[in-house]
Amino acid sequence: MRARGEERNEMNVATEASPILPAWPDGGVTRVPYWIFQRDDVYAREQERVFQGKSWFYLCLEADLPEAGSFRTTFVGDTPVVVVRDNDGEICAFENRCAHRGALLCLDEDGKAKQGFTCVYHGWSYDLKGNLNGVAFLKGLKGQGGMPSTFKMADHGPRKLRIATIFGLVFGTFSDETPPLDDWLGETIISRIARVLEGRKPVVLARYTQTLPNNWKLYMENVKDSYHASILHLFFTTFELNRLNYKGGLIVEGGGGHHVSFNQLDRAQLDKAYSDQNLRSDSNYKLKDPSMLQGFNEFPDGITLQILTVFPTFVLQQIQNSVAVRQIVPRGPERSDLNWTILGFEDDTPEQRLVRVKQANLVGAAGFISMEDGCVGGFVQRGVAGAPHLPSVLEMGGSSTQSSESRVSEAAIRGFWQQYRDLMGL
Ligand code: FES
Ligand SMILES: [Fe+2]
């Protein structure tokens, strides 16, 4: 029998899009080489094997597509994508790329397409399923010019994605080999999405994009990193929303790439664990307006904070009553866009909606959590600039990728790298 490392090296083969890459360092997923966040050839291979490969990608909400013709544009990796509800009520998605000479087909973020989409460049048109159904001057003019008789519209069109939905979330994949979405997620992750979204109709309260000065994988490391949350974020600890000694857990699922970190706020549990560590986050700051922190009872299981990821790019957030979905989009090796959609629910009272918005502001890009996460991603990207062949150390909680009650663990980050390496052949 061959060692796993040998098999990986055989998969680390050059393709048109990516030449052979350096070998992964010794130490398995407890070591991550910094070149993985820097190289153009890694980025190119990700586009081919991760983003065009066998994974599901969050695209939008079903609520974004209320009626026939409603559309949203988004990205799967670098690839621009249109998601649209067709006249049969089905959700369709296809590349946002004209089959003629490649122009964007749809220029808006969202809207309503009556019949379909028409490319502005030379007027080729497409139905709501992405099928080419019109070519301007197909037969030329006065018997001259036009397309040859061998040209068939059915042979041309943007590539289509397979679509699956769960609890109002729309996922898509370019690969026929991606397993069904339910299998991809698994029962545990499904139940954890359900406890936030099942049985109610989400309403979009806000959207914004946070531009991050770092590789997309540094963000996914950060969001799976339950160890940092109560240390970096003064807000969490000071206002007693998340301490590592609260009752909770860390779940690692799928091929390692999905995770859930959760806890129950328990003020009775406050102890000396934090003051003994002498952390910046253990401060005497107080809010002038404590109403920012007053929520309402929403989740019968008492869980006050749950961060969930679906490999490779999706995050579902519940921090007290602030519910949001986040999608990370790579923008080159050293940049990414984090798209936030802040949610309420159809039967919220006005007071409840106000609480959600206040809490979302505390967490979001202009608040006390995600601003810091955006900064540290940039600190890492800049810190490792001259050290491509040195690795990070991921040994908190051991070397496994197993779920645990302790959140003083980097198991979910190791799990991400396990699944990533499998896909990338590294
Ligand atoms: S590029 Fe779209 S019609 Fe020519
Ligand atoms: Fe964070």
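In this predicted model, Lys 112 sits partly exposed, at a relative accessible area of 49%. Its salt-bridge partner is Glu 67, with 3.5 Å between the closest N and O atoms. The contact ties together parts of the chain 45 residues apart in sequence, since Lys 112 belongs to strand β6 (residues 110-112) while Glu 67 is in the loop between β2 (57-61) and β3 (70-76). Glu 67 is partly exposed as well, with a relative accessible area of 43%.

That pair is one piece of a bigger tally: the structure holds 18 salt bridges. Side chains of opposite charge can pair when their charged atoms come close. Another case is Arg 97 with Glu 95, where N and O come to 2.9 Å. Here the two partners fall in separate burial classes: Arg 97 is partly exposed at 30%, whereas Glu 95 counts as buried at 4% relative accessibility.

Then there is Glu 298, which bridges to Arg 200 with 2.9 Å between the closest N and O atoms. This one links distant parts of the chain, 98 residues apart: Glu 298 is in the loop between α7 (273-277) and β15 (305-310), and Arg 200 is in the loop between α3 (181-197) and β12 (202-212). Glu 298 is buried, with a relative accessible area of 16%, and Arg 200 is partly exposed at 26%. The story doesn't stop at two residues, either: through shared salt-bridge partners, Arg 200, Glu 298, Asp 348 and Arg 356 end up in one network.

One member of that network, Arg 356, turns up again in helix α8, among the buried residues there. The others in that buried set are Val 355, Gln 359, Ala 360, Leu 362 and Val 363. Looking down the axis of α8, the buried residues fall within an arc of 155°, so they line one face of the helix. Over on the other side, Pro 350, Leu 354 and Asn 361 are exposed. As for its length, α8 (residues 350-363) has 14 residues that should span 20 Å at 1.5 Å a residue, and the end C-alpha atoms are indeed 20 Å apart.

Helix α2 (residues 40-51) makes a good companion case. Its 12 residues reach 15 Å from first C-alpha to last, close to the expected 16 Å. With 9 of those 12 residues buried, α2 is largely enclosed by the rest of the structure. The buried set mixes charged and uncharged names, including Asp 41, Arg 45, Glu 46 and Arg 49 alongside Val 42, Tyr 43 and Phe 51.

Strand β2 is mostly covered too, with 5 of its 5 residues buried. It pairs with strand β11 (residues 169-173) in the antiparallel sense, over 4 bridges. Within this pairing, Leu 61 stands opposite Leu 169 of β11.

Now to the metal. The iron ion (ligand 2) takes its protein donors from His 228 (NE2), His 233 (NE2) and Asp 373, the last giving two OD atoms, with distances of 2.1 to 2.4 Å. The angles subtended by these 4 donor atoms run from 58 to 147°, which makes the arrangement irregular. In sequence, the donor residues follow the spacing H-x4-H-x139-D. His 228 lies in helix α5 (residues 226-232) and Asp 373 in helix α9 (residues 370-383), so the pair ties together parts that are 145 residues apart in sequence. Both of these donors are buried: His 228 has a relative accessible area of 14%, and Asp 373 has 9%.

Finally, a few backbone oddities deserve a look. Most residues other than glycine have a negative phi, and most peptide bonds are trans. Against that background, the bond joining Phe 311 and Pro 312 is cis, with omega at about 0°. Pro 312 is placed in the loop between β15 and β16 (314-319). Phe 137, not a glycine, has a positive phi of about 55°. This residue lies in the loop between β9 (132-134) and β10 (162-166), and at 59% relative accessibility Phe 137 counts as exposed. Gln 320 also has a positive phi, near 50°. Its loop runs between β16 and β17 (322-330), but Gln 320 counts as buried, at 16% relative accessibility.

Methods. Residues are numbered from 1 along each chain as its sequence is written. Chains are lettered from A and ligands numbered from 1 in the order in which they are written. This is a predicted model: local features need pLDDT of at least 70, side-chain atom pairs count only at pLDDT 80 or more; totals for chains, interfaces and linings use all residues. Side-chain values use heavy atoms; hydrogens and water are left out. A salt bridge is a side-chain nitrogen of Lys or Arg within 4 Å of a carboxyl oxygen of Asp or Glu. Helices (H or I, at least four residues) and strands (E, at least two) are DSSP runs, numbered from the N terminus. Buried means under 20% relative accessible area, exposed over 50%, partly exposed in between (1.4 Å probe, protein chains only). Donors are N, O and S atoms within 2.8 Å of the metal (3.2 Å for Na, K and Ca); water is not among the atoms, so sites may look incomplete. Four donors count as tetrahedral if all angles lie between 85 and 135 degrees; four count as square planar and six as octahedral if opposite donors are over 155 degrees apart and all others between 65 and 115; anything else is irregular. The expected span of a helix is 1.5 Å times one less than its number of residues. The arc is that of the directions from the helix axis to the C-beta atoms. Two strands pair if DSSP finds at least two bridges between them.
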